[in-house]
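This briefing goes through one protein chain, topic by topic. Please keep the sequence and the structure in view while reading.

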Amino acid sequence: MKNIIRMVESANALNELEFDDLTGLYTKQAFLRHATERVASNPDKQFGILALDIENFRLTNSLYGEQKCDEYLAFLGKLINDMIT
């Protein structure tokens with residue numbers, strides 16, 4: 001029973017490292033690992049990558065508050081996740 005509990009805890013810890021709590025998307029490290037694996041296993045396939053950089057986000061955070069900006073990031077994460085699944 002202890003081994004099963006440890007395995008579940010380990011799986012949960014890995015899941016936390018794989019996904020950003022706020023956006024639900026892969027963390028940078030998890031994305032790079034998964035992308036590298038996918039490209040390596042599909043050498044004849046072409047892939048596209050979407051990158052977002054919100055200009056002056058710190059200023060936006062100051063103007064509208066951290067909670068509103070977190071809501072916005074969560075919305076963007078859901079939007080991206082909906083587009084790719």
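The notes below start with the whole chain and then turn to single residues.

The model is predicted. The chain has four helices and zero strands, and from the N terminus on its elements run α-α-α-α. Of its 85 residues, 8% count as buried.

**Confidence**

- The mean pLDDT of the chain is 87, and 86% of the residues score at least 70.
- Among the elements, helix H4 (residues 66-84) has the highest mean pLDDT, 94, and H1 has the lowest, 66.
- Where pLDDT is low, the predicted coordinates should not be read in detail.

**Surface and contacts of the whole chain**

- The accessible surface of the chain comes to about 7800 Å², and 57% of this belongs to carbon and sulfur atoms.
- Among contacts between residues at least 6 apart in sequence, 37% join residues at least 24 apart.
- Helix H3 is hardly covered, as the count of buried residues among its eight residues is zero.
- A nonpolar surface patch of about 850 Å² is made by Leu 50, Leu 52, Ile 54, Tyr 72, Phe 75, Leu 79, Met 83 and Ile 84.
- One member of this patch is Leu 52, which lies in the loop between helix H2 (28-41) and helix H3 (57-64).
- Leu 52 counts as exposed because its relative accessible area is 56%, and the cut-off is over 50%.

**The loop between H1 and H2**

- Which residues does Thr 27 touch, not counting those up to four places away in sequence? They are Leu 17, Glu 18, Phe 19 and Asp 20.
- Thr 27 has its place in the loop between helix H1 (2-18) and H2.
- With a relative accessibility of 17%, Thr 27 falls under the 20% limit and therefore counts as buried.
- Asp 20 is found in the loop between H1 and H2 as well, but Asp 20 is partly exposed, at 31% relative accessible area.
- Leaving aside neighbours within four places in sequence, Asp 20 is in contact with Leu 25 and Thr 27.
- Asp 20 and Ala 74 are 54 residues apart in sequence, and their C-alpha atoms are 9.8 Å apart in space.

**The aromatic pair**

- How many aromatic pairs does a search of the whole structure find? The search finds one.
- The pair consists of Phe 19 and Tyr 26, which are stacked, with 5.1 Å from centre to centre and 20° between the planes.
- The angle of 20° counts as stacked because the planes are under 30 degrees apart.
- Both rings belong to partly exposed residues: Phe 19 has a relative accessibility of 31%, and Tyr 26 has a relative accessible area of 37%.

**Salt bridges**

- The count of salt bridges comes to four.
- Side chains of opposite charge can pair when their charged atoms come close.
- Glu 18, Arg 33 and Glu 37 are linked in a network of salt bridges.
- Glu 18 lies in helix H1 and is buried, with a relative accessible area of 16%.
- Beyond four places in sequence, the contacts of Glu 18 include Tyr 26, Thr 27, Arg 33 and His 34.
- In the bridge between Glu 37 and Arg 33, the closest N and O atoms are 3.9 Å apart.
- Glu 37 and Arg 33 are four residues apart in helix H2, so about one helical turn separates them.
- Glu 37 is partly exposed at 44% relative accessibility, and Arg 33 is partly exposed at 38%.
- Lys 68 forms a salt bridge with Glu 71, and their closest N and O atoms are 3.4 Å apart.
- Lys 68 and Glu 71 are three residues apart in helix H4, about one turn of the helix.
- The side chains of Lys 78 and Asp 82 meet in a salt bridge of 2.8 Å, N to O.
- Lys 78 and Asp 82 also lie in helix H4, four residues apart.
- Lys 78 counts as exposed at 52% relative accessibility, whereas Asp 82 counts as partly exposed at 44%.
- An α-helix has 3.6 residues a turn, so residues three or four places apart point the same way.

**Positive phi angles**

- Gly 65, just after H3, takes a positive phi of about 95°.
- Asn 56 has a positive phi of about 55° although it is not a glycine, and Asn 56 is found in the loop between H2 and H3.

Conventions: Residues numbered from 1 in each chain as written. Predicted model: local features only at pLDDT ≥ 70, side-chain atom pairs only at ≥ 80, totals over all residues. Heavy atoms only, no water. Patch = residues over 30% accessible without salt bridge, like charges linked within 9 Å, V, L, I, M, F, W, Y side chains within 5 Å. Areas by Shrake-Rupley, 256 points an atom, 1.4 Å probe, with all protein chains shown as cover. Helix = DSSP H or I, 4+ residues; strand = E, 2+ residues; numbered from the N terminus. Buried < 20%, exposed > 50% of the residue type's maximum accessible area, 1.4 Å probe, protein only. Phe/Tyr/Trp six-rings, centres within 6.5 Å; stacked < 30°, edge-to-face > 60°. Contact = heavy atoms within 4.5 Å. pLDDT = per-residue confidence, 0-100.
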